[in-house]
Amino acid sequence: MAPDVPVKTPRCSLCDEPAVFHDRMTGRHLCRGHFIAGIEERVAETIRSRNLIVPGDHVVIALSGGKDSTALLMILARLLPSWESVRLSAITIDEGIHGYREDTIRSADDLVAKYGLSHSTVSFTELFGGTLDAFLNGREPEACSVCGILRRKALNVAAERTGATKLATGHNLDDEAQSVFMNVLRGDLPRLVRDSGSDSQGRFIPRIKPLMFVSEKEIAVYLMLHGAWPDLPECPYAVHALRGEVRGMLATLESKHPGTMLHLMESKAKIEVQCAGRLEEEAIRPCAECGDPCSGAICQLCQLKKTLKK
Ligand code: SF4
Ligand code: ZN
C-alpha cells in the first residue's frame, strides 16, 4: 500500500502563516491577517480615491442585517478612527416580508448594540400603509421592482430623519457587475452610465457604495473569519428576480475566467468617459403629486401607489 502523502497546507504569499484564501485573480494565497487587512485597505482606498467620505460627514448605513450590510458596518466601524470628525449610525427598513425580515432585523439590532451605534427602523406600514406581502398579493413576479421603488423612498425618509450627509449601502462587486450586465441586456445606456451615487443630481442624500470592489465571496470569507456569518433565510421573493439569472451566469463566468466582474466594471468606467457630456441630461422636475424630483410628470412611487392593494 502506498504511504499517505501529507497534504501541504498552502502558505500565505506575504508571510509564512497558513493561507485561508486563494485570490484567483492575482494567484496569491493569503493568511487570515493579510486577507482581512487587504479587504479593509481596499475599502479605505475606494473611499479615499472617490472622496466618498469627507471630514464632518454623518454616514448612515442602510443595515438590512444581511451579509453585505453587516460586513459594511464592521469595516466602516473599523476604519472610523482614521477619519476626522466622521459619525456613523444605521437605519433599517422593515418591508414587511413574513418569515424573512423578522430574523434580519433581529440580527441588525444585535450588531448595532455590539458596536454602540444609534439605530432607527422605518417600516413600509408606517410610510405606505401596508406590508410588502400585502401589496404583492397576486403580483409576486414584480416583487423586486415594487420593493425597490418603495425601499428607495423609505431609505431617503429614514436617512433624512437622522440628519445624515451620506447614505452607505452594502452593494458589492457582484451587485455592481450584475447591474452593468443587466443595463447592457436592456440596452439602457443612460442608466448604465448614470452615477447612482449622485442620486437625482444631489436632491437626495448622496449614496455611497464602499464595498463596490469587494466580491460576494470575499465578504463571505471576511464574515466567517470574524465569526460573524449571519445564518439567515433568503428573501422568498428573490426567485422572481431577473437579477437571480444574471447572478448565476456571472458567477459561472467568474469562476471560469477570474476577473470577469472587474472587467465589466472597467468597461462601464470607459463607457462613462466616452459618454461624458454627450448624453442628453434627463429634465428633472418636481413630481406633480408628491414634489419629489423625477423625470416624468409624476414619479415612479406615485405611479406605483395608484396600483397598490392594501
Ligand atoms: Fe425586496 Fe426583492 Fe430584495 Fe426581497 S429580493 S428584499 S423583494 S428587492
Ligand atoms: Zn411623486
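**A pocket and two one-sided helices**

In this predicted model, 32 residues line the second largest pocket, and those nearest its centre are Phe 21, Asp 23, Ser 215, Glu 218 and Glu 254. Several elements give two or more residues to this lining. They are strand 1 (21-22), helix 1 (32-49), helix 7 (173-186), helix 9 (216-225), helix 10 (242-256) and helix 11 (260-275). Helix 1 gives the most, with six residues. The pocket holds about 750 Å³ of space. Its lining is mixed in character: 14 residues are nonpolar, eight are polar and 10 are charged.

Helix 11, one of the elements of that lining, was examined next. Its length can be checked against its residue count. At 1.5 Å a residue, its 16 residues should span 22 Å, and the end C-alpha atoms lie 23 Å apart, which agrees. Which residues of helix 11 are buried? They are Thr 260, Met 261, Leu 264, Met 265, Lys 268 and Cys 275. Viewed down the helix axis, the buried residues of helix 11 fall within an arc of 145°, so they line one face. This spacing has a simple basis. An α-helix has 3.6 residues a turn, so residues three or four places apart point the same way. The buried residues of helix 11 are covered by elements that include helix 7, helix 8 (189-193) and helix 10. On the face turned away from the buried side, Lys 270, Val 273 and Gln 274 are exposed. After helix 11 comes Gly 277, with a positive phi near 75°.

Helix 3 (residues 101-115) was treated in a similar way. Its 15 residues should span 21 Å at 1.5 Å a residue; the distance between its end C-alpha atoms is 21 Å, which agrees. The buried residues of helix 3 are Arg 101, Thr 104, Ile 105, Ser 107, Ala 108, Leu 111 and Val 112. They fall within an arc of 160° when seen down the axis, so these residues of helix 3 line one face. Helix 2 (67-79), strand 4 (87-94), strand 5 (119-123) and helix 6 (143-162) are among the elements that cover them. The face of helix 3 turned away from its buried side carries Asp 110, Ala 113 and Lys 114, which are exposed. Just after helix 3, Gly 116 has a positive phi of about 65°.

Definitions and conventions. Residues are numbered from 1 along each chain as its sequence is written. Chains are lettered from A and ligands numbered from 1 in the order in which they are written. This is a predicted model: local features need pLDDT of at least 70, side-chain atom pairs count only at pLDDT 80 or more; totals for chains, interfaces and linings use all residues. Side-chain values use heavy atoms; hydrogens and water are left out. On a 1 Å grid over the protein atoms alone, a cavity is a set of points where a 1.4 Å probe fits but cannot get out, and a pocket is an open set with protein on both sides within 12 Å along at least five of seven lines; lining residues have an atom within 4 Å of a point. Grid points are joined across faces, edges and corners, and a volume is the space filled by probe spheres set on the points. Helices (H or I, at least four residues) and strands (E, at least two) are DSSP runs, numbered from the N terminus. Ala, Val, Leu, Ile, Met, Phe, Trp, Tyr, Cys and Pro count as nonpolar, Asp, Glu, Lys and Arg as charged, and the others, Gly among them, as polar. The expected span of a helix is 1.5 Å times one less than its number of residues. Buried means under 20% relative accessible area, exposed over 50%, partly exposed in between (1.4 Å probe, protein chains only). The arc is that of the directions from the helix axis to the C-beta atoms. Contact means heavy atoms within 4.5 Å.
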